[in-house]
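Work through the exercises below with the sequence and the 3D structure in view. Try each task before reading its solution.

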Amino acid sequence: PGIETVHGEISSYAVKGYIVHDSGEAVLIDTAYNAETMIEILEVRRLQLVGICLTHGHADHAEGIQKIMNRWPVPVYLGADDLSLLHWKPSENQLAPPEHGRNISVGRLTIRCLGTPGHTPGGFCYAVDMPWGPVCFVGDTIFSGSIGRSNPFQLYRTHLESVRQQVLTLPQECLLLPGHGPGTTVGEELEHNPFYARR
């Protein structure tokens, strides 16, 4: 099993997506605004795509799904409240609302869907236990030392609560992989994130 990080950029703003794979199967977590590289890695490694998990519907994370789905018409996991954010919408039967607590299988791995509204109304994080330890793909929900902007701002309290209840309750050693900037851990954020650090 492994995780590949895919780098992209939108108007010179760096963005990251990830490929989680095991036993020849793969799931994409966000597109990194770089569908071409995603497709290339899947082909070179001969991985069978089984799903696309979107943390939210913003273009830098979701743009390009149609190119990928032209090759592999797989389910797209996206919170229902974020559907209106997509420029290109998959057909009804290709959309799979993640639903909090839903499990997605990739090879022998199980990806858990965590409902984390706040950065967007339909935001989700995706947690998986890798052989070396727990990992959570957090999109723009939380960053190293910060959180994403709440869109709309009325979701700010919901956002803080989502992170507190869903992300920071994961094991302290859990690696958090965001859509922008460096990775971090739950323990690190409990200690140093100004929005959550214990006083």
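**Exercise 1.** State the volume of the largest pocket and sort its lining by class.

Solution. The largest pocket of this predicted model has a volume of about 170 Å³. A pocket is an open set of points on a 1 Å grid over the protein atoms alone, with protein on both sides within 12 Å along at least five of seven lines; lining residues have an atom within 4 Å of a point. Next, list the lining, which includes His58, Asp60, His119, Asp140 and His180. Finally, sort the lining: three nonpolar, five polar and three charged residues.

Residues are numbered from 1 along each chain. Local features need pLDDT of at least 70, side-chain atom pairs pLDDT 80 or more, while totals for chains, interfaces and linings use all residues, and side-chain values use heavy atoms, without hydrogens and water.

**Exercise 2.** Which residues of helix H4 are buried (under 20% relative accessible area, 1.4 Å probe, protein chains only), and where do they lie around its axis?

Solution. Start with the helix: H4 covers residues 156-167. Its buried residues are His159, Leu160, Ser162, Val163 and Val167. Seen down the axis, they fall within an arc of 155°, so they line one face of H4. Their packing partners include strand E9 (124-130) and helix H5 (186-192).

**Exercise 3.** Which helices each supply at least two residues of the lining of the largest cavity?

Solution. The largest cavity, a set of points where a 1.4 Å probe fits but cannot get out, has a volume of about 60 Å³. Among its lining residues are Ala59, Ala62, Ile65 and Gln66. The helices are H2 (59-62) and H3 (65-71).

Terms used. Grid points are joined across faces, edges and corners, and a volume is the space filled by probe spheres set on the points. Ala, Val, Leu, Ile, Met, Phe, Trp, Tyr, Cys and Pro count as nonpolar, Asp, Glu, Lys and Arg as charged, and the others, Gly among them, as polar. Helices (H or I, at least four residues) and strands (E, at least two) are DSSP runs, numbered from the N terminus. The expected span of a helix is 1.5 Å times one less than its number of residues. Buried means under 20% relative accessible area, exposed over 50%, partly exposed in between (1.4 Å probe, protein chains only). The arc is that of the directions from the helix axis to the C-beta atoms. Contact means heavy atoms within 4.5 Å.
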